[in-house]
Amino acid sequence: MSTIGLLRTIFSHKILTSNVIQTPSLNKSPFIVGFFLNHDQVRTMSRVKRRTTHPPYWHVLKNPQKVDDKISADNLRFVREVIQENYKNKSPLKPSELQIEKSEWDPKTKRSGVIARNIGMQYMWEKDGKKVKCTVLHVLDNHVIRYIPPEEYVKTMIGSKFFKYKKPLGCLVVGAEARNPERFTKQYCNLFASVGLMPKKTLSRFIITPNAALPPCTPITAGHFVVGQAVDISGKTIDYGFQGVVKRWGFKGGPASHGATKFHRRGGTIGTGRDKARVWPGQKMPGHMGSERRFSRGLKIMRINMKYNVIYVKGTVPGATNTIVRIFDTVLPLRKLKEAPPHPTYFPPEDGTQPEEDIWDSSLHVFGSPSISV
């Protein structure tokens with residue numbers, strides 16, 4: 001029995017006397033009240049529980065209700081006019097129209113990431129004939145919603161915990177996939193009304209250094225990264241639900257013959273059999289598999305399509321097809337950028353010239369080019 005449970009048992013049976021703790025009553029003792037009402041002292045969750053299936057608490061609830069009211073054509077037209085008046089899309093913007101402080105890039109600069117959608121896998125071939133498996137990521141219509149300076153972000157609940165023993169950094173809120181404001185609540189739409197953008201379906205926060213800050217309404221495209229760069233990609237893995245130890249942990253299972261009955265996919269013994277005859281915390285057992293937030297680090301960008309904002313990365317990323325992922329500059333020390341990328345982000349040329357539509361890695365074979373030279 002824990003210490004708290006033992007003390008509660010003692011109080012319930014009135015065994016605690018004034019000789020043990022000199023306090024006349026429970027209500028008049030600040031020590032006892034603070035001890036019992038401190039929620040940090042009571043552990044209601046397992047020590048090895050890692051998963052939270054509910055959405056983050058900082059997300060504003062979206063409107064799940066369906067509007068069944070019959071609206072006339074004139075009223076519907078008026079609603080559309082009000083929406084267009086309140087949410088005027090100011091993008092794409094030219095660099096000259098943005099109030100961006102010019103700053104030099106250095107290896108310690110932490111730039112913003114982008115929100116993308118995993119749209120599938122595709123094979124590509126190198127010049128020596130080697131086949132490369134790539135994941136195709138579509139960078140959605142990313143726009144900056146808000147920038148929080150370090151001195152303000154460190155005062156928030158999340159910032160105070162994250163930067164308790166670190167130098168505080170800024171936070172950039174980025175949204176993707178514009179949607180109809182009628183599908184969201186008024187509180188959620190207010191996040192975008194001051195910016196002049198349509199409400200975004202997906203929001204994400206990126207920790208950045210002050211020299212990589214971007215003003216609101218700035219578009220972020222696939223040109224934010226360069227070919228050959230190593231990136232880190234985060235996403236939520238596939239949710240398999242409750243699974244056994246064979247599928248969840250790769251156990252071998254029991255024998256298939258020689259009289260084995262109902263033991264083919266069991267986990268076997270879970271105890272030690274000697275001292276400490278108990279189940280140790282962290283024992284691999286059946287349970288919920290998947291639905292974890294994971295990082296794939298150091299993936300190389302093999303190709304970028306500037307026309308459709310598509311990025312091809314080498315390898316696989318967490319999550320199934322058609323799921324949302326987030327792309328960052330890698331934190332691996334040996335694969336960080338040595339040269340300056342588009343800083344703080346990429347902007348199309350002001351003279352109106354179109355950039356190169358497809359940018360390939362030097363090791364890849366470009367389809368349509370001659371593959372045999374004599």
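This passage describes the fold of the protein, from its overall make-up to its sheets, one helix and its nonpolar cores.

The model is predicted, so local features need pLDDT of at least 70 and side-chain atom pairs count only at pLDDT 80 or more, while totals for chains, interfaces and linings use all residues. Residues are numbered from 1 along each chain as its sequence is written, and side-chain values use heavy atoms, with hydrogens and water left out.

The protein contains 7 helices and 13 strands, taken as DSSP runs numbered from the N terminus (helices are H or I of at least four residues, strands E of at least two). Of its 374 residues, 34% are buried, where buried means under 20% relative accessible area, exposed over 50% and partly exposed in between, with a 1.4 Å probe and protein chains only. The exposed surface comes to about 25,100 Å², with carbon and sulfur atoms supplying 55% of it; these areas come from the Shrake-Rupley method with a 1.4 Å probe. Among contacts (heavy atoms within 4.5 Å) with a separation of 6 or more, 77% involve residues 24 or more positions apart.

A good place to begin is an open sheet of 4 strands, ordered 5-4-3-6 with antiparallel pairing; two strands pair if DSSP finds at least two bridges between them. Strand 5 (200-208) and strand 6 (219-220) form its edges, each pairing on one side only. Strand 4 (residues 170-178) is joined to strand 5 by 8 bridges in the antiparallel sense, and C171 has I207 in strand 5 as its bridge partner.

Helix 6 (residues 186-193) lies across strand 3 (142-148) and strand 5, at about 55° to strand 5. Axes here are lines fitted to C-alpha atoms, for helices over the stretch in contact, with angles from 0 to 180 degrees between N-to-C directions. The helix buries Y188, C189 and F192. Seen down the axis of helix 6, these residues fall within an arc of 95°, so they line one face of the helix; the arc is that of the directions from the helix axis to the C-beta atoms. The buried residues of helix 6 pack against strand 3 and strand 5, whereas K186 and Q187 are exposed on the face turned away from the buried side.

Turning to the interior, the largest nonpolar core has 28 residues, and L137, I233, I311, V313 and I327 have the most contacts inside it. Such a core is a set of buried Ala, Val, Leu, Ile, Met, Phe, Trp, Tyr and Cys residues joined through side-chain atoms within 4.5 Å. Strands that each supply at least two residues of this core include strand 2 (131-139), strand 7 (230-236), strand 10 (293-305), strand 11 (310-314) and strand 12 (324-329). Apart from it lies another core, of 10 residues, among them F184, Y188, C189 and L203.

Strand 7 is mostly covered, with 6 of its 7 residues buried. It pairs antiparallel with strand 10 over 6 bridges, where G235 stands opposite R294, and strand 7 also pairs antiparallel with strand 12 over 4 bridges, where V231 has D329 as its partner.

Strand 11 is likewise mostly covered, with 4 of its 5 residues buried. Strand 11 runs antiparallel to strand 2, joined by 5 bridges, and L137 is partnered with I311. A further 4 bridges link strand 10 and strand 11, again antiparallel, with N305 opposite V310. In the hairpin of these two strands, which has 4 residues between them, N309 takes a positive phi near 55°.
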